Amino acid sequence: MQPFSEPVYITKPLLPGKDELFGLLTQIMDSGQLTNMGATHAAFEKALEEYLSVRNVSIFNNGTTALLVALRALALPEHGEVITTPFTFAATPHSIVWAGQTPVFADIDPATLTLSVEAVRRAITPRTVAIMPVHVYGLPCDVQGFEALSREYDIPVIYDGAHAFTTQVHGRSICEWGDVTMLSFHATKLFNSIEGGALVYNDPALRDKIYDLRNFGIRGEFSVQDVGINGKMNELQAAFGLLNLDLVKDEQERRKRLATVYYEELCGLEGVRCFVFPDGVTSSYQYFPLLLDPQNAATCETVYQRLRAFNVYARRYFFPLCSEYDPYRGFASAQAANLPVASRAAEQALCLPFYGELGEDAARRIARIIKRELGCLA
Ligand code: T4K
């Protein structure tokens, strides 16, 4: 087998047509309004509410700022603890620290690799002010379990839904669960506005608070009512997002076909676990993760390295765990003994290249490189 002639990365951003983009860009430039909630911003926010069938969307310049604002908008008691997963991107615990709270890591559920409701229950103390689960790879958390826990302890739930754009559970947007859900529209996401993100929430009373916090706390020309931040999405980002929205369904269809190839080639092989979405859950098709059991002939690291030798850049999301990063490793909750399932997942998880333009032949070639490394092909 020959290496790929060009590097194959985990993703390629979805891009709007140049003519459509230049048309919208011309309108924006002619209007002279480049940012600060212009017409394209308003149109994009409304389009997202319709697309996701949700009531309230506030867009941001990126998902991390959106998370930070979500934590502030809920007016949590100061200097509290927010329970979260270590099996996530750095932005999740970092946003908690930037909001003046302390992350407490709890273990994950082996079936979905998302925060375990029972582990969170054990970690709740009088200092707990919120829970921040993550829909990792777009696999939904136990939203009903967290809803019950949230009611029982009267603690808000803020979902990091960076990977869960369009995910539905029993026909309802995943964003309907919890107090607030963050979506990321970064270039590496299924749906992008170059950089960008959004908060989705059920309570319309949050809209003004979020609006203020996103814009320095400014209310009118002469009044600043809150310690806000600059979280505004500009008009060019909004234009990109607005146009890309028309392309998401087709991209998901193409990713679905790639997923079928990966499933056919790899699932059921000894030591390989694929994730199948439970009945009633629609996938976002954000990532295609595998778990590779080190008891098998090849570890995750050897497969990762073998793919690189073939010019294929799969990614080990999320290795190492956030709890192993310098700012967190000293935390009591960060110790490996507290996080056995997450520690195992970090050793075993590999995300394969997954974007429509990749094509089914390339996906089959990638699968065959893995199979050969696993000793399944001569
Ligand atoms: N919560 C979770 C669970 C998240 O996963 C993230 C972001 C956040 C919160 C925060 O949301 P944002 O504030 O970002 O909206 C990437 C992304 O930068 C990051 O957004 C994402 N998660 C994370 C999982 O992945 P890297 O360091 O892996 O990206 P990078 O630059 O290595 O890109 C990966 C590959 O994608 C490249 O090898 C090539 C391709 N690529 C990338 C970019 C940026 C392109 O083809 N074009 C591009 O423009 O972090």
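Start by turning on the salt bridges: this model has 19 of them. It is a predicted model, so keep that in mind as you click around.

**Stop 1: inside helix α9**

Select residues 248–266, which make up helix α9. Show the side chains of Arg254 and Glu251 and you'll find them meeting in a salt bridge, at 3.7 Å from N to O. Both sit in that helix, three residues apart, or about one turn. Now switch on a surface. Is Glu251 buried or exposed? Glu251 counts as buried because its relative accessibility is 4%, under the 20% cut-off. Its partner Arg254 comes out at 32%, so Arg254 is partly exposed.

**Stop 2: from α9 to α12**

Stay on helix α9 and pick Glu265, then add Arg364. Their side chains form a salt bridge with an N to O distance of 2.9 Å. This one ties together distant parts of the chain: Arg364 belongs to helix α12 (residues 360–373), Glu265 to helix α9, and 99 residues separate the two. Glu265 has a relative accessibility of 10%, so it is classed as buried. Arg364, with a relative accessible area of 30%, is partly exposed.

Don't hide that pair yet. Which residues are networked with Glu265 and Arg364 through salt bridges? Add Glu264 and Lys371 to the selection, and you have the network of four linked residues on screen.

**Stop 3: Arg329 and Asp326**

Next, jump to Arg329 and Asp326. Here the side chains meet in a salt bridge at 3.0 Å, again N to O. Colour by accessibility and look at each end. Asp326 reaches 62% relative accessibility, so it counts as exposed, the cut-off being over 50%. Arg329 has a relative accessible area of 49%, which makes it partly exposed.

**Stop 4: the largest pocket**

Time to leave the salt bridges and load your pocket view. The largest pocket holds about 370 Å³ of space. To centre the camera, select Phe89, Ser184, His186, Thr188 and Lys189, the lining residues that lie nearest the middle of the pocket. The full lining runs to 21 residues.

Which elements should you colour around the largest pocket? Try α3 (63–73), α4 (91–98) and β8 (180–184), since each of them supplies at least two residues of the lining. Last, colour the lining by residue class. What mix do you get? There are 10 polar residues, eight nonpolar and three charged.

Terms used. Residues numbered from 1 in each chain as written. Predicted model: local features only at pLDDT ≥ 70, side-chain atom pairs only at ≥ 80, totals over all residues. Heavy atoms only, no water. 1 Å grid on protein atoms, 1.4 Å probe; cavity = no way out; pocket = protein on both sides within 12 Å on 5 of 7 lines; lining within 4 Å. Points joined across faces, edges and corners; volume = space filled by probe spheres on them. Helix = DSSP H or I, 4+ residues; strand = E, 2+ residues; numbered from the N terminus. Nonpolar A, V, L, I, M, F, W, Y, C, P; charged D, E, K, R; others polar. Buried < 20%, exposed > 50% of the residue type's maximum accessible area, 1.4 Å probe, protein only.
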